[in-house]
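Let's work through some exercises together, with the sequence and the 3D view open beside you. Try each task yourself before you read its solution.

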Amino acid sequence: MFNSGRISGLGTSLSYESSLKLAADWFRITGRGPLHQLTPRAAKAYLYERAKAVGQKTLDRDRQALQAVLRQNGSFNDKQRLAVIKAEKQQQLKSRNYTPEQLGRILAHQSDRNAFSTEIAAAAGLRAHELLTIRLASERAMDNRPAAQEKFREGIRYTVIGKGGLIREVSLPQHLANRLESMRLQVPIDHKDRKIHYKSYYDLAGGQSWSQSFSRASQAALGFSNGAHGLRHTYAQERHREVQALSGNPSQARLVVSQELGHFRPEITDTYLR
């Protein structure tokens, strides 16, 4: 499906793959035919059934995966969409951020190599795999996306490759950028993480191995872990406070944070602010 051009990123394609395997089994067991012959009616029936067992995020992913199949088999054009169905299972919402004190304790339980990647991820709101793709903005331009005037703290600009292959700009404080540049590789290396290949320009920890090290360190230091993704929540909340203080406009702060995180939809920011 990724090769067909219907999906913009290999990571998204792999995520859809797990959804479609479950869906294909259900269609087979219930006598609704093979997945490649999927109809909108069968897709809706499956989603209503899934709504009883999974949370909204999983249900939305399943809907998007089936939608891609319907477009591929000609049942839908590129503008048609499956209606959003509300999950019956209520998702437990809780904050995933870390306080500065908690982050300091986690860093103390990591190796120097992993701790440095944690500092970068916290300073720029990066995903685990994005650490493997970081490169100076002067060497690789960002994709053409909206940019608010208040975007970014003062620092050195880099770009990373995020979800769907989107290249976005991020900012690192000078002291982290200086150390990062001391780790520049003479020749870029190929790094495979979760079945996806990335070209890395720095000898920097990242991806699943770094994410796992972070979770282990958090568990050891705090007795719990919100995962490395919790660093994006921390970044979002700090930046929202900073931009709101500067602009006096909560809506503008949400917009800026969404752009810095690579979502470009202000409503997504609310997920990180709870």
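## A charge over a ring

The charged end of Arg 179 lies over the ring of Phe 116, at 4.2 Å from the ring's centre. Keep in mind throughout that this is a predicted model.

## Exercise 1: Aromatic pairs

Task: Classify the pair formed by Trp 26 and Phe 27 from its distance and angle, then do likewise for Phe 27 and Tyr 46.

Solution, step by step:

1. A pair of aromatic rings is described by two quantities, the distance of the centres and the angle of the planes.
2. The structure holds five aromatic pairs. In one of them, Trp 26 and Phe 27 are 5.6 Å apart, centre to centre, with 70° between the planes. Planes over 60 degrees apart count as edge-to-face, so the pair of Trp 26 and Phe 27 is edge-to-face.
3. For Phe 27 and Tyr 46, the centres are 5.5 Å apart and the planes meet at 55°, so this pair is tilted.
4. Now place the second pair on the chain. Phe 27 belongs to helix H1 (residues 10–29) and Tyr 46 to helix H2 (residues 40–50). With their positions 19 residues apart, the pair links distant parts of the chain.
5. Put together, Trp 26, Phe 27 and Tyr 46 make up one aromatic cluster.

## Exercise 2: Buried or exposed?

Task: Is Phe 27 buried or exposed, and which of these words fits Gly 125?

Solution, step by step:

1. The cut-off you need is that buried means under 20% relative accessible area.
2. Phe 27 has a relative accessible area of 1%, so Phe 27 is buried. Its partner Tyr 46 is buried as well.
3. Gly 125 has 0% relative accessibility and therefore counts as buried too.
4. Look up where Gly 125 sits: in the loop between H5 and S1. Its C-alpha atom is 8.4 Å from that of Val 170, although the two residues are 45 apart along the chain.

## Exercise 3: Reading a sheet

Task: In what order do the three strands of the open sheet lie, and which are the edge strands?

Solution, step by step:

1. Strands of a sheet pair through backbone hydrogen bonds, either parallel or antiparallel.
2. Here the order is S1-S2-S3, and the pairing is antiparallel. Strand S1 (135–136) and strand S3 (167–172) are the edge strands, since each pairs on one side only.
3. Follow the bridges. S1 and S2 pair over two bridges, while six bridges join strand S2 (residues 156–161) to S3.
4. Find Thr 159 in S2: Arg 135 stands opposite it, and in S3 its bridge partner is Glu 169. Ile 161 stands opposite Ile 167 in S3.
5. Finish at the turn. S2 and S3 form a hairpin with five residues between them, and Gly 164 in the turn has a positive phi of about 70°.

## Exercise 4: A pocket and its lining

Task: How many residues line the second largest pocket, and which helix supplies the largest share of the lining?

Solution, step by step:

1. The second largest pocket holds about 160 Å³ of space.
2. Its lining has 13 residues; Leu 103, Ala 122, Ala 123, Thr 234 and Glu 238 lie nearest the centre.
3. Helix H4 (100–108), helix H5 (112–124) and helix H8 (230–247) each supply at least two lining residues. The largest share, four residues, is from H4.
4. Sorted by character, the lining has seven nonpolar, three polar and three charged residues.

Terms used
Residues numbered from 1 in each chain as written. Predicted model: local features only at pLDDT ≥ 70, side-chain atom pairs only at ≥ 80, totals over all residues. Heavy atoms only, no water. Phe/Tyr/Trp six-rings, centres within 6.5 Å; stacked < 30°, edge-to-face > 60°. Buried < 20%, exposed > 50% of the residue type's maximum accessible area, 1.4 Å probe, protein only. Lys NZ or Arg CZ within 6 Å of the ring centre and 35° of its normal. Pairing = 2+ DSSP bridges. 1 Å grid on protein atoms, 1.4 Å probe; cavity = no way out; pocket = protein on both sides within 12 Å on 5 of 7 lines; lining within 4 Å. Points joined across faces, edges and corners; volume = space filled by probe spheres on them. Nonpolar A, V, L, I, M, F, W, Y, C, P; charged D, E, K, R; others polar.
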